[in-house]
Amino acid sequence: MAAKWAQKTVVIPAQRRGCHLITPKVLREIEGDLSGFKCGLAHLFLQHTSASLTINENYDSDVQADTETFLNKIVPEGRSAPWKHTMEGPDDMPAHIKSSMFGCALTIPITDGHLNLGTWQFQGIWLCEHRDHASARKIVVTLNGI
């Protein structure tokens, strides 16, 4: 079997600040290609510096709210925050720091045409929006395997 590649850009509409489940949207966009892979890797790359990607549970939405609360506690924001980069607003530099903490990329194994996520990770791909007034976000999904 020869290795194959597929790539698609998934556009996530603007979201309010917080952590948002995006697995259904991503899967809808890639399912035609994904089903053709027996074994491989899916790489998701967020083309932005003020949002992030992570995998977490989908069972209890309190986890999303608690994650946002945690991020806001450890990364100060507003006039009293020590940041020099403020020309794009008081939430911009904190958004860059939060993005760096979680990162902008995920790699997920593909098995028999499906993303091979764990029990509590199932359907748990999150886009974490760190800005108050965000725009649409683009995620490049690259599939590689056999």
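This briefing walks through the strands, one helix, a few side-chain pairs and some backbone angles of the structure above. Keep in mind that the model is predicted. Five of its strands form an open, antiparallel sheet, and another strand, β7, has five of its five residues buried. A search of the whole structure turns up one aromatic pair, and the disulfide count is zero.

**The five-stranded sheet**

- Let's start with the order of the strands, which is β1-β8-β3-β5-β6.
- The edges of this sheet are β1 and β6, each of which has a pairing partner on one side only.
- Inside the sheet, β3 (residues 39-46) runs antiparallel to β5, and seven bridges join the two.
- If you want a spot to look at in that pairing, find L41, which stands opposite P109 in β5.

**T9, a residue on strand β1**

- T9 belongs to β1, the strand that covers residues 4-12.
- Is T9 buried, partly exposed or exposed? Its relative accessibility is 41%, so T9 counts as partly exposed.
- Leaving out residues up to four places away in sequence, T9 touches K138, I139 and V140.
- Take K138: T9 and K138 are 129 residues apart in sequence, yet their C-alpha atoms are 6.4 Å apart in space.

**Strand β7 and its partners**

- β7 (125-129) is mostly covered, with five of its five residues buried.
- In a regular strand, side chains alternate between the two faces of the sheet.
- Here, I125, L127 and E129 point one way from β7, while W126 and C128 point the other way, and all are buried.
- One partner of β7 is β2 (residues 18-21), and those two pair in the antiparallel sense over four bridges.
- Another partner is β4, again antiparallel, this time over five bridges.
- In the pairing with β4, T54 stands opposite W126.

**Cysteines**

- C19 stands opposite C128 in β7, so you might wonder: how far is the sulfur of C128 from the closest cysteine sulfur? The distance is 3.1 Å, to the sulfur of C19, which is too far for a bond.
- The cut-off matters here: a disulfide needs the two sulfur atoms within 2.5 Å.
- C128 has 0% relative accessibility and counts as buried.
- C39, by contrast, is partly exposed, with a relative accessible area of 46%.

**Helix α3**

- Which residues of α3 (residues 92-102) are buried? They are D92, P94, A95, K98 and S99.
- Looking down the axis of α3, you'd see these buried residues fall within an arc of 155°, so they line one face of the helix.
- For background, an α-helix has 3.6 residues a turn, so residues three or four places apart point the same way.
- What do the buried residues of α3 pack against? They pack against β4 (51-55) and α2 (62-74).
- Right after α3 comes G103, which has a positive phi, near 95°.

**Side chains that meet**

- The one aromatic pair in the whole structure is made by Y59 and W120, whose ring centres are 5.8 Å apart and whose planes sit at 80°, so the pair is edge-to-face.
- Y59 is in the loop between β4 and α2, and W120 is in the loop between β6 (114-115) and β7, so the pair ties together parts that are 61 residues apart in sequence.
- Are Y59 and W120 buried or exposed? Both Y59 and W120 are exposed.
- There's also a charge over a ring: the charged end of K4 sits over the ring of F37, 4.8 Å from the ring's centre.

**Positive phi values in loops**

- Most residues other than glycine have a negative phi.
- D112 isn't a glycine, but its phi is positive, at about 50°.
- You'll find D112 in the loop between β5 (105-111) and β6, and with a relative accessible area of 45%, D112 is partly exposed.
- Q123, which is also not a glycine, has a positive phi near 60°.
- Look for Q123 in the loop between β6 and β7.

Key
Residues are numbered from 1 along each chain as its sequence is written. This is a predicted model: local features need pLDDT of at least 70, side-chain atom pairs count only at pLDDT 80 or more; totals for chains, interfaces and linings use all residues. Side-chain values use heavy atoms; hydrogens and water are left out. Buried means under 20% relative accessible area, exposed over 50%, partly exposed in between (1.4 Å probe, protein chains only). Contact means heavy atoms within 4.5 Å. The arc is that of the directions from the helix axis to the C-beta atoms. Rings of Phe, Tyr and Trp (its six-membered ring) pair if their centres lie within 6.5 Å; planes under 30 degrees apart count as stacked, over 60 as edge-to-face and the rest as tilted. A charge sits over a ring if NZ of Lys or CZ of Arg is within 6 Å of the ring centre and within 35 degrees of the ring normal. Two strands pair if DSSP finds at least two bridges between them.
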